[in-house]
2 protein chains.
Amino acid sequence: MSDAGGTTRRRGRPRGTESAGTRDRILATAREEFSERGYEKTSVRGIAKAAGVDPALVHHYFGTKEQVFEAAVEVAFAPAMDAPETIAEGPLDAVGERLTRFVLGVWENPATRAPLLAILRSAVNNETAATVFRRLIVGRLLRRVAAQLNLPDAELRVELAAAQLVGCAMLRYVIRVEPLASADPEQIVARLAPVVQGHLTGP
Amino acid sequence: MSDAGGTTRRRGRPRGTESAGTRDRILATAREEFSERGYEKTSVRGIAKAAGVDPALVHHYFGTKEQVFEAAVEVAFAPAMDAPETIAEGPLDAVGERLTRFVLGVWENPATRAPLLAILRSAVNNETAATVFRRLIVGRLLRRVAAQLNLPDAELRVELAAAQLVGCAMLRYVIRVEPLASADPEQIVARLAPVVQGHLTGP
């Protein structure tokens with residue numbers, strides 16, 4: 001956490017298009033750096049260098065390295081953050097299929113797979129990154145799905161459903177075991193949707 | 001793979017108790033180093049130093065860094081390598097519960113959890129370590145369970161069952177999401193065994 005040194009200058013943040021552009025560029029660079037190197041090997045200094053700015057400016061916009069990471073992950077997940085409502089909306093007896101399709105969808109899409117992989121790698125290796133994972137994925141995504149289930153053990157149900165999907169992603173996209181890695185996505189949906197549904201609404 | 005340099009002296013391997021002791025000490029040290037640092041940050045030089053031997057001796061006994069890793073993982077899993085037969089033996093309608101109890105058992109046991117965590121961390125971050133994971137866990141453990149199922153899609157079934165268990169281990173032991181991380185193991189067996197059974201023998 002040496003990156004979090006006392007270099008923040010929170011007052012007088014510049015406004016306007018140009019500074020918003022700089023902020024976005026830093027964020028995009030941070031995403032790339034975290035994706036390529038993982039949480040531990042990425043530094044605020046390295047992000048600043050790659051973005052062509054002073055490290056103090058990175059701290060100014062985002063704070064500590066952990067906060068830069070969280071902001072980068074949040075941006076990567078922005079398209080997915082409306083998902084909980086979409087997943088929980090509609091008939092409850094198809095919620096398992098909607099959640100399964102959503103998770104497979106973000107993993108099948110190369111644009112969302114890279115940041116997901118980066119979070120997963122970082123969360124497995126680093127406690128700070130694991131905390132961000134818990135806060136974002138579990139706190140925002142899973143808790144919201146659980147809230148709509150309206151069952152006393154909803155959180156455990158959602159987590160066991162998530163475990164099936166996270167494990168499938170691990171074996172299919174990260175470790176790439178065959179035949180799972182090459183299986184047709186529709187075949188996987190057909191196998192996993194009932195299981196996820198069972199966790200969420202089963203007896 | 002620079003550790004794989006041409007330092008192997010395969011001829012004239014010393015025999016007897018003393019050399020067996022040295023070999024075991026190198027292996028135990030390798031296990032610790034890989035567990036603590038992960039695959040990428042561990043070097044044959046570092047293992048040799050920690051074991052108090054010349055790096056050439058590590059190469060002599062085990063070959064490349066990948067081969068040292070595989071040997072270390074194999075030793076860590078030796079107690080589990082009879083598991084496939086045990087899991088597949090007995091009534092087929094309880095194979096899901098046996099597999100679930102086996103996987104939770106090795107994760108609940110601190111002695112086997114550390115090497116498992118090391119493999120998982122390494123396999124997520126490094127392609128060579130992922131290959132070792134595929135060869136050992138999938139090739140030996142899962143394929144053997146699949147062989148006893150005697151179903152045309154047995155391998156995919158076993159992998160989807162494994163996905164449920166790997167994902168549960170990720171969320172419970174690695175990322176530690178609540179309430180799953182603190183749930184009673186028997187409660188988890190009760191929830192997961194039918195799912196694992198369904199993957200293995202369901203329609």
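Which residues does E66(A) touch, not counting residues up to four places away in sequence? They are Y39(A), T128(A), V132(A) and R135(A). The model is predicted. This briefing begins with E66(A), then turns to the interface of chain A and chain B, the relation between the two copies, an annotated region and some backbone details.

**Around E66(A)**

- Helix 4 of chain A, residues 65-77, contains E66(A).
- One of the residues that E66(A) touches is Y39(A); the two are 27 residues apart along the chain, and their C-alpha atoms are separated by 8.7 Å.
- Another contact of E66(A) is R135(A), and here the side chains of E66(A) and R135(A) make a polar contact at 3.4 Å.

**Extent of the interface**

- Chain A and chain B each bring residues to the contact: 40 residues come from chain A and 40 residues from chain B.
- The size of an interface is often given as the accessible area lost when the parts come together.
- For chain A and chain B, the buried area is about 3,500 Å².
- Carbon and sulfur atoms give 65% of that buried area.
- Of the area that chain A buries against chain B, 18% is supplied by V124(A), I175(A) and R191(A), which is more than any other three residues supply.

**Polar and charged pairs across the interface**

- Six salt bridges are found by the rule across the interface of chain A and chain B.
- E40(A) and K41(B) form a salt bridge, with 3.0 Å between the closest N and O atoms.
- Between chain A and chain B, 18 residue pairs are in polar contact, counting pairs with both residues at pLDDT 80 or more.

**The side of chain A that touches chain B**

- At least two residues of this side come from each of helix 1 (17-41), helix 7 (110-125), helix 8 (127-149), helix 9 (154-174) and helix 10 (185-201) of chain A.
- Helix 9 of chain A gives the most, with 14 residues.
- Sorted by class, this side of chain A has 22 nonpolar, 13 charged and five polar residues.

**Relation between the two copies**

- A turn of 180° and a shift of 0.0 Å along the axis lay chain A on chain B with an RMSD of 0.0 Å.
- Chain A and chain B are therefore related by a two-fold axis.
- Both copies use the same surface, as 100% of the contact residues of chain A recur in chain B.

**The annotated region**

- In an unreviewed entry, UniProt gives the annotation "DNA-binding region" to residues 43-62 of chain A.
- In the model, residues 43-62 of chain A are 80% helix and 0% strand.
- The end C-alpha atoms of residues 43-62 of chain A lie 13 Å apart.

**Backbone details in loops**

- In chain A, the peptide bond that joins E178(A) and P179(A) is cis, with omega about 10°.
- P179(A) is in the loop between helix 9 and helix 10 of chain A.
- In chain B, a cis peptide bond runs from E178(B) to P179(B), with omega near 10°.
- P179(B) lies in the loop between helix 9 (154-174) and helix 10 (185-201) of chain B.
- N150(A) is in the loop between helix 8 and helix 9 of chain A.
- The phi angle of N150(A) is near 60°, a positive value in a residue other than glycine.

Terms used: Residues are numbered from 1 along each chain as its sequence is written. Chains are lettered from A and ligands numbered from 1 in the order in which they are written. This is a predicted model: local features need pLDDT of at least 70, side-chain atom pairs count only at pLDDT 80 or more; totals for chains, interfaces and linings use all residues. Side-chain values use heavy atoms; hydrogens and water are left out. Contact means heavy atoms within 4.5 Å. Buried area is the accessible area (1.4 Å probe) that two parts lose on being put together, summed over both. A salt bridge is a side-chain nitrogen of Lys or Arg within 4 Å of a carboxyl oxygen of Asp or Glu. A polar contact is a pair of N or O atoms within 3.5 Å; within protein, one must be able to donate a hydrogen and the other to accept it, and residues adjacent in sequence count only if both atoms are side-chain atoms. Helices (H or I, at least four residues) and strands (E, at least two) are DSSP runs, numbered from the N terminus. Ala, Val, Leu, Ile, Met, Phe, Trp, Tyr, Cys and Pro count as nonpolar, Asp, Glu, Lys and Arg as charged, and the others, Gly among them, as polar. Copies are superposed by least squares on the C-alpha atoms of residues with pLDDT of at least 70 in both. UniProt positions are given in the numbering used here, feature names are shortened, and annotations may be inferred rather than shown by experiment.
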